[in-house]
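Colleague: I'm new to this one and would like to get my bearings. Could you pick a single part, take me through it closely, and then show me a little of what else is there?

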Amino acid sequence: MFDISCTRDKLKERLIQRLLDNDHINSYELSLLSNRINADDLSIIIQHIYDLNETDILALAAVTGSLAAFDDAKNDRRNLLFKKKIKRGFGKEPDDKLILVEGDSWYNYPIILTDVIDTLSMDNRHAVYSLAKGGGWLLSMLTARKYVEQLSVLHPDLFIISGGGNDIVGDWRLAAIVQKPDGGQQFAHCPWAQGLKENAKIVDSKFDAQAFDTGVQYLSKDFYALLMFFHLQYFMVMDGILNGGETKVSKFPGIQMITQGYDYPIPSTRLDIGLNPLHWFIPFIRSFLGHGTWLKIPLMIRKVPPEAQRQVVYAAIFLFNEMVIDVGRCFNTDKVKRVLHIDSRNSLGKNGWTDELHARPKHFIQTGKVMSFAIHDKGNQQSTYDHVYVVHKYKDQ
Amino acid sequence: VKIYRVIIWVLFIGIILYDLILIGMLKSQHISGNLFTLPLWPKEKAKQQLATWSHLCTRTGRTVLEVARINTWIDFLFIISYVSALIFVSYAQMQKQHRVWLNALLRLNFPLAILIGVLDGLENITLLHDMAPYVVGQTYCSPFWFTFLKFFFTGWALLILLASLLTPKKRLPGMVQEEPTITSTGFTPSALAGKS
């Protein structure tokens, strides 16, 4: 007798193997996989990508020590403010939005900087409950599933998530996903990634084709496997929240999700000591908080020439952003946008960085303002395109 | 962090209360001058004042100079508490402030608070030297510039705090979008994609 489930399992196994080998997976095949994959499959994939067992990967991804203490202190402060707002009768106004946040250091930079979620919390129309952790990996966020518990308790209007950056660059991992230039072979072996590029909408011609074409040649098959893994992770989270996953009935009808993509960072080890006293924190942060170890040093280890380093990161971040935008599209229709995306690309410029990964406060604040604007944009009529709000296109009224 | 914050505030308020009681006690005994403004006095006048204090006794039996010396040591604890408190309050205000310029100035309060503390520490060290029994009435090293700069930066930091308190905004501003032009990257160059 023909066993359909057995065939499906075999198909899934084969697709997973092809994903790991970066063997010509196209959009249709990835969407097939997205609908069939479970947490166990994701665990197998990541163990193969990182060449580590699950325990070691989770230990690698865990935020510990003083960073965890500072993260918790910031979240405690935010969540205290959340409770105060609820006590004062938050939710009576139609514009009041209860927001749950999960994310990384763009959403919780524990000292000195004002980050995106700090900005969102400044508005009395928002009661923000934060689980975000500076240094947090998407993998550990989704494995710990703290957001699931809080979703059930809070039933928020919005769930905002940012993650993936530390999975790529944390613990020198960037060195593991670059290779010697291959003339674009690996990119050519990934029709899905080519589709991301071809379907990308470029705002104000801000696309550096030369940087992308150079950079993409340095990205190894593990990068594409990781990117597809992110796609599966984001899809699983969104499907679980918006469609109820396997049950097909969402516990949170009407909830909206917001994703976020990073700007193109610049690999650097410079301390950027200057005379402007308002920028005193830049050399301080660059001296003590990991600057150079995320991008520049891993790329130097892999002997990527200095002139190509920015391009490698450019290509990776371009594809990462398009991947997140692409997942969001799966849950939106022309009329109803259940997933919004805040696109920070090209919003910081060369001098907009505190360190290799983090924006200067004024850019975090601008991203937060655009996010707030997106939240209150009725019918999402004023997005830049589709469900995407491009940060550099918006100015204060 | 929470425990540290509580300790700092208890220390900060406790030392202010202690100083207020001390000032009240000295005033009730009609003892002239005070240690807070002394560093700003002209050199000769300040030297004379310390010499006078070394002969005056308080109700506790200690000379005023001894009380001033103890108070200067206690001031080191006060420095730790007010530097921390200034950083805490500036941080809390900064995280409520979306105006970029005011947000940046509140952030500048962190190193300023530390600088104020260092200046105050240097002032205390100078005063302790001036109040040593073998020096009083003989020599006097003025901590004027430490004190002047300390008060100047403290005034600046408090002014920024005040500005942030007086300009609360309960909503983030609305935004307008510049008309975007949207194009496509087009197909992947054959050199890159042709092998697929």
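Modeller: Let's start with a pairing: strand 6 of chain A lies parallel to strand 7 (residues 388-390) of chain A, and three bridges hold the two in register as a pair. Bear in mind throughout that this is a predicted model. One of the bridges is easy to find, since Asp343(A) has Val390(A) as its partner in strand 7 of chain A.

Now look at the other neighbour. Strand 5 (residues 256-261) of chain A is also parallel to strand 6 of chain A, with five bridges between them. Here Asp343(A) turns up again, this time as the bridge partner of Gly261(A).

How covered is strand 6 itself? It takes in residues 339-343 of chain A, and five of its five residues are buried. As a general point, side chains in a regular strand alternate between the two faces of the sheet. For strand 6 of chain A, that puts Val339(A), His341(A) and Asp343(A) on one side, with Leu340(A) and Ile342(A) on the other, and both faces are covered.

To get from strand 6 to strand 7 of chain A, follow helix 17 (residues 361-376) of chain A; together the three form a β-α-β unit, and its hand is left.

Elsewhere in chain A, have a look at helix 3. Going by 1.5 Å a residue, its 12 residues (39-50) should span 16 Å, and the end C-alpha atoms are 16 Å apart, so the two agree. At the start of helix 3 of chain A, a side-chain oxygen of Asn38(A) comes within 3.1 Å of the backbone nitrogen of Asp40(A). Just past the helix, Asp51(A) has a positive phi of about 55°. The buried residues of helix 3 of chain A include Leu42(A), Ile45(A), Ile46(A) and Ile49(A), and Asp41(A) is also among them.

Over in chain B, find Asn124(B) in helix 4 (residues 100-130). Asn124(B) has 2% relative accessibility, so it counts as buried. Setting aside neighbours within four places in sequence, its contacts are Thr72(B), Asp75(B), Phe76(B) and Ile79(B).

Last, where the chains meet: chain A brings 58 residues to the contact and chain B brings 43. Between them they bury about 4300 Å², with 58% of that on carbon and sulfur atoms. On the chain A side, Arg77(A), Met122(A) and Glu198(A) supply 14% of the area that chain A buries against chain B, more than any other three residues.

How values were computed: Residues are numbered from 1 along each chain as its sequence is written. Chains are lettered from A and ligands numbered from 1 in the order in which they are written. This is a predicted model: local features need pLDDT of at least 70, side-chain atom pairs count only at pLDDT 80 or more; totals for chains, interfaces and linings use all residues. Side-chain values use heavy atoms; hydrogens and water are left out. Buried means under 20% relative accessible area, exposed over 50%, partly exposed in between (1.4 Å probe, protein chains only). Helices (H or I, at least four residues) and strands (E, at least two) are DSSP runs, numbered from the N terminus. Two strands pair if DSSP finds at least two bridges between them. A crossover is right-handed if, with the strands pointing away from the viewer, the path from the first strand over the helix to the second runs clockwise. The expected span of a helix is 1.5 Å times one less than its number of residues. A polar contact is a pair of N or O atoms within 3.5 Å; within protein, one must be able to donate a hydrogen and the other to accept it, and residues adjacent in sequence count only if both atoms are side-chain atoms. Contact means heavy atoms within 4.5 Å. Buried area is the accessible area (1.4 Å probe) that two parts lose on being put together, summed over both.
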